[in-house]
Structures are given as structure tokens and as C-alpha cells.
Amino acid sequence: MHLMVVGGAGYIGSHTVRQLLAAGHSVTVLDNLSSGHREALPKDAHLIVADLLDPPALKAALLSAKPDAVIHFAALIEVGESMRSPGRYYQNNVTGSLNLFQAIVETRKIPLVFSSTAAVYGDAESVPIPENAPKRPTSTYGHSKWMVEQILHDFGVAHGLPYTVLRYFNVCGAAPNHTIGEDHPNKTHLIELALLTALGQREKMFVNGTDYPTPDGTCVRDYVHVLDLADAHVLAVQALSGGAVSGQAFNVGLGHGFSVRQVLDAVDAVVGTPLTREEGPRRAGDPPSLVADPSRIKGELGFDPKFTDLNGIVQTAWDWHRTHPHGFKS
Ligand code: UDP
């Protein structure tokens with residue numbers, strides 16, 4: 001198949017581009033390069049630089065690339081920033097996605113895989129979380145993704161647009177050959193920040209809240225390796241294009257969680273020296289515990305994660321950061 005990967009120069013997108021090419025597909029990336037990196041793309045992926053807030057450019061890209069399916073990653077992703085700048089998040093994530101879906105139905109009504117998030121569940125009643133759990137996002141980021149899921153539902157009903165939603169839990173790690181990895185303009189993710197602290201780029205790690213209703217008082221998350229997540233996209237787009245039922249949402253996680261303290265312990269073990277930690281207040285918008293029930297994606301798409309050990313996952317991220325201490329500019 002020929003895939004258009006929207007946001008394909010970003011962290012998850014660029015790993016997915018590699019896995020799609022490895023599976024024998026061809027790829028056109030559409031990205032505005034606001035947070036993605038040209039350097040993250042292999043030579044055989046064609047890049048169109050365009051913005052989701054530019055509908056004519058989207059239609060032109062779809063008409064010129066003639067993809068068989070689209071995978072849509074492009075979004076702003078920071079929970080904390082989304083609480084401070086909701087307008088920016090709704091414009092980029094909701095209006096941008098709406099523009100893309102409209103362009104698809106007006107040009108080629110091709111299948112679409114959409115990147116959603118565990119943040120749509122918000123304060124979950126219990127974990128692990130199945131896909132039909134109530135959607136009660138606690139952040140603007142989570143709201144923006146849930147709104148897009150609802151827009152997709154309506155496009156499916158009205159226009160017959162085939163789509164699959166993947167709800168990611170906490171994505172981390174890097175390609176084990178450490179050629180690509182996490183490099184966001186604003187660093188907010190726990191493992192990336194901890195490893196940059198280990199490299200001496202920051203003084204210490206702040207633990208955001210120690211009074212949550214969790215076993216050690218810090219937030220619990222389900223950490224899934226970026227290559228396993230990339231493989232989930234390959235499985236999803238192949239199944240949807242092969243006629244699988246449209247409109248399904250799948251959790252992508254391992255099904256067990258680690259607390260902030262446990263993650264920092266894993267970082268200490270991989271790096272070999274303990275980081276200085278300071279316990280601080282909660283971060284706005286953070287739910288206490290997000291752990292996937294991944295049985296649907298395992299059963300229906302054959303998702304079979306390879307990176308199941310937290311230290312092993314952190315090791316791949318550490319190999320990327322220590323060989324690229326300043327990311328793609330290293
Ligand atoms: N966190 C932390 N210190 C940091 C960065 C993150 O304690 O320097 C916490 C954060 O508040 C959350 C968890 O680590 O409870 C995971 O946050 P991250 O931003 O990595 O992912 P999110 O769950 O927001 O997608």
C-alpha cells in the first residue's frame with residue numbers, strides 16, 4: 001500500500017514510517033515540521049511540508065500523493081500546556097483534524113487511522129481500562145482528542161469514511177539502533193526529562209505530586225515502547241484496508257502500570273547513578289492512574305508487544321539520548 005503519514009516527522013510518526021517501509025509499504029509524509037524533524041525520515045519517504053490549518057494544501061497533497069490510506073499523528077501533545085493554551089490545542093488538534101477529514105472525503109474516501117490517547121478516559125473508575133470505559137478527560141489535550149473521535153464517528157456515519165482509533169498509553173523508548181528517538185521542542189515527558197537530567201542538562205527531577213490515591217502516591221502509567229506502538233499502526237491500517245470493521249477504538253498499552261517513582265528507579269538502574277529527586281506539587285490535568293486493558297487489540301489485531309521490560313525500554317531511550325544529547329541537532 002501507499003500510506004500518507006500525517007505528522008510522520010514526529011516521534012511516533014517517524015518510528016511508524018520505518019515499520020511501514022520494513023513491512024513493504026511506501027510512504028508519503030505530510031508534516032508542518034513545527035515539532036517534527038526532517039532528519040527523522042528515511043530517504044525513501046517522500047516529504048510534503050504542509051499544515052493541517054491549510055485546507056487547499058491538504059487537498060493538493062492527497063491528490064498528488066494518491067495514498068491508499070492515511071495515518072494521522074499530527075497534534076499538540078502536552079497536557080500541562082493544553083491547560084494554559086486551550087485555544088491553541090483546539091485549533092490545532094480539532095480544527096486541523098477536521099480539515100484533514102474534510103479534505104479526505106472531498107478527494108479520496110480512503111481509510112484513516114487516528115492517534116488518540118488514554119487521556120480521553122481521564123479519572124478512570126478502575127484500572128485496567130477497557131475501551132468502553134466512560135470518557136471523562138481531565139485536560140484540554142484529552143478533550144481535544146475525544147472531540148476528534150466524535151467527529152470521526154459522524155464522518156463515518158455521514159460519508160462512510162472507514163477509520164480506526166488507537167488510544168495510546170505512555171509512549172517511550174527509541175529505535176534500538178538509536179538512529180531516531182524522542183526530541184520534542186518542549187521536554188515534558190518523564191523518561192526523556194530523566195535521561196536529559198542524567199546527561200547533566202538539568203539539575204534534578206521533580207516528582208509531580210506524591211499524594212495521589214496510588215500505591216506509592218505518585219501517578220501510575222502504562223509505558224509502551226514506540227516500536228511496538230508503530231507495529232500497532234501497521235496492523236491497524238492493514239486490517240482496515242483489508243475490510244475490517246470501521247469505527248473501532250483500540251487501547252495500545254501493555255496492561256500493567258509503573259509509578260513515577262518506579263520509572264525513576266528504572267532510570268537510575270539503567271544510567272548507573274541515582275538522579276537527584278525533588279518532590280513537588282501535582283501537575284494540572286494529570287489523572288492518578290492510566291493502565292490499559294489491551295485485550296481487544298491483542299485479540300482482534302494480533303498486537304504482540306516485544307518490549308515488555310521497563311528497564312529494557314528505558315535502555316533504548318538512554319542509548320538514543322546518550323548518542324544524541326541534543327537530539328537531531330547533535
Ligand atoms: N512527571 C513527573 N516529573 C516530570 C515529568 C513528568 O513527575 O518531570 C509525571 C507526570 O506528572 C505524570 C507522569 O510523570 O504523572 C507521566 O507524565 P508524562 O508527561 O511523561 O506523560 P503523560 O502521562 O502526561 O502523557
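How does the radius of gyration of the protein chain, with its 330 residues, sit against that of a compact globule, and what are the two values? The legends below start there and then move in to the ligand.

**View 1. The whole protein chain in a predicted model.** A compact globule of 330 residues would have a radius of gyration near 20 Å, and the protein chain has 19 Å, so the two agree. If you are setting up a box, the C-alpha trace spans about 55 × 45 × 40 Å along its principal axes. Ten helices and 14 strands make up the count of elements in the chain.

**View 2. Packing and contacts inside the protein chain.** Here 49% of the 330 residues count as buried. Take the contacts between residues at least 6 apart in sequence: 79% of them join residues at least 24 apart.

**View 3. The annotated span, residues 4–253.** The UniProt record, an unreviewed entry, lists these residues as "domain: NAD-dependent epimerase/dehydratase". Helix accounts for 38% of the span and strand for 19%. Its end C-alpha atoms lie 24 Å apart.

**View 4. Residues around the ligand.** Fifteen residues surround the ligand, and His189, Leu190, Asn208, Cys219 and Arg283 come nearest. Two elements give two or more residues to this shell: helix H6 (190–198) and strand E8 (205–208). Of these, E8 gives the most, with four residues.

**View 5. Chemical make-up of the ligand shell.** Sorted by class, the shell around the ligand holds eight nonpolar residues, four polar ones and three charged ones.

How values were computed:
Residues are numbered from 1 along each chain as its sequence is written. This is a predicted model: local features need pLDDT of at least 70, side-chain atom pairs count only at pLDDT 80 or more; totals for chains, interfaces and linings use all residues. A residue is near a molecule or strand if its C-beta atom, placed from the backbone, lies within 6 Å of it. Ala, Val, Leu, Ile, Met, Phe, Trp, Tyr, Cys and Pro count as nonpolar, Asp, Glu, Lys and Arg as charged, and the others, Gly among them, as polar. The radius of gyration is taken over C-alpha atoms; the globule rule is 2.2 Å times the number of residues to the power 0.38. A residue is buried if 20 or more other C-beta atoms lie within 10 Å of its own, exposed if 12 or fewer, and partly exposed in between; C-beta atoms are placed from the backbone. Two residues are in contact if their C-beta atoms, placed from the backbone, lie within 7 Å. UniProt positions are given in the numbering used here, feature names are shortened, and annotations may be inferred rather than shown by experiment.
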